[in-house]
Amino acid sequence: MSTARAERLVNLVLALLSTRQYLTAERIRGIVPGYADAATDEAFSRMFERDKTELRELGIPLETGRNSSFDTVEGYRIARRDYELGDIDLAPDEATAVGLAVRLWDSPELTGQANGALVKLRAAGVEVDAGAQTVVEPRVRTETAFAPLVAAVQEGRAVRFEYRRAGSAERRTRTMEPWGVVSWKARWYVVGHDRDRDAPRCFRLSRISGEVRAVGKPGAVRKPAEVNLLEFVAGTGQQDLAPVATARLWIADGRAAGVRRRVTLVDRLTVAGVPGDVGEVELYSPEGAADWIAGHGPDVLVLEPDVLAKAVQDRLEQVEKS
């Protein structure tokens, strides 16, 4: 999916969520950024039909109807009652973690697009439900591989990329026929036919490095109708709950209390003039541990194993570049 189309879909969702009215296609064309690029009515119609199909495939409940009996053309909206999550009760520490996550990730580009969409709605005289809680929080970043993989799925093309297996620093070239990209337990996965193994496989996007290259002709790849992508990913999850490694971490004095609660302190060490403790912790998911440790920045340093230290460093470098 191109960046322009992704932004247009976000704008469309925001527009349809932010009003109780049904918006006609022509009105949507005038107020949603991205549709003005359509050179003709026919081009807009094709673009809008593709976007509606995309939203429905994503599970977004798109309603059609008319605002009054005098309207001659049907419009569209998204009912909040069908779109919003129910009430979620969080413990104090869970709420704190959510707050920290919100402050950690942000997307200025998407924030600007979202605000621009709402400004255009108000300028066009569309009733905006200002009292409703924000449903779309533009603060989640997908992996770099997300956009090219989704584009390959939509075009029906095979892809090739470098992939690092869990617990290993070695990268291998993989060629696969992607069937779809799904999220499972806050992680993104691509599911498809692995040509190297000649079998269905799923790959975690955070372990893909470098460029995702499309190979072959468009339309050559089709998802088998009987395959449920989410069930496939869930079924291939690690079932063995035994620890796979032990990590030694340096923790700065007075910092990273959450890490301290999970480690066994074994020594003292000063790093770059900063005193701290050395702790050991058993790892059940080294990949997940890398995300957890990287979230503490310079307050936690991986001493062992080298694979985990490299994974944490990769994540910190990605944050610096973003």
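## Close-up views of a predicted model

**View 1. Confidence along the chain of the predicted model.** The chain of this predicted model has a mean pLDDT of 77, and 73% of its residues reach 70 or more. Over residues 94-111 the pLDDT stays under 50, and for this stretch the model has 17 contacts beyond four places in sequence. Residues 131-140 likewise have a pLDDT below 50, and this stretch has 18 contacts in the model beyond near neighbours in sequence.

**View 2. The largest nonpolar core and the elements that supply it.** This core holds 21 residues, of which Leu-12, Leu-16, Ile-28, Val-32, Tyr-35, Phe-48 and Ile-78 touch the most other members. Two or more residues are given to the core by each of helix 1 (3-17), helix 2 (25-31), helix 3 (41-57) and strand 2 (75-78), and helix 1, with 6 residues, gives the most. Val-32, when its neighbours within four places in sequence are left aside, is in contact with Arg-8, Asn-11, Leu-12 and Ala-15. A second core, separate from the one described above, consists of 17 residues, including Ala-256, Val-281, Ala-289 and Val-312.

**View 3. An open sheet of 5 strands, with a helix lying across it.** The strands follow one another in the order 6-5-4-3-7, and their pairing is antiparallel. Strand 6 and strand 7 (208-215) form the edges, each pairing on one side only, and from one strand to the next the twist averages 45°. Helix 7 (residues 146-155) lies across strand 3 (158-164), strand 4 (171-184), strand 5 and strand 7, and runs at about 80° to strand 4.

**View 4. The pairing of strand 5 with strand 6.** Strand 5 (residues 187-194) and strand 6 run antiparallel and are joined by 6 bridges. Within this pairing, Tyr-189 stands opposite Arg-204 in strand 6.

**View 5. The surroundings of Phe-203 in strand 6.** Phe-203 belongs to strand 6, which spans residues 199-204, and it counts as buried because its relative accessibility is 5%, where the cut-off for buried is under 20%. Apart from its neighbours within four places in sequence, Phe-203 is in contact with Phe-161, Tyr-163, Arg-174, Met-176, Trp-188, Tyr-189, Val-190 and Asp-194. Val-191 lies 12 residues from Phe-203 along the chain, and the C-alpha atoms of these two residues are separated by 6.6 Å.

Methods: Residues numbered from 1 in each chain as written. Predicted model: local features only at pLDDT ≥ 70, side-chain atom pairs only at ≥ 80, totals over all residues. Heavy atoms only, no water. pLDDT = per-residue confidence, 0-100. Contact = heavy atoms within 4.5 Å. Helix = DSSP H or I, 4+ residues; strand = E, 2+ residues; numbered from the N terminus. Buried < 20%, exposed > 50% of the residue type's maximum accessible area, 1.4 Å probe, protein only. Core = buried A, V, L, I, M, F, W, Y, C linked by side-chain atoms within 4.5 Å. Pairing = 2+ DSSP bridges. Axes fitted to C-alpha atoms, helices over the stretch in contact; angles between N-to-C directions.
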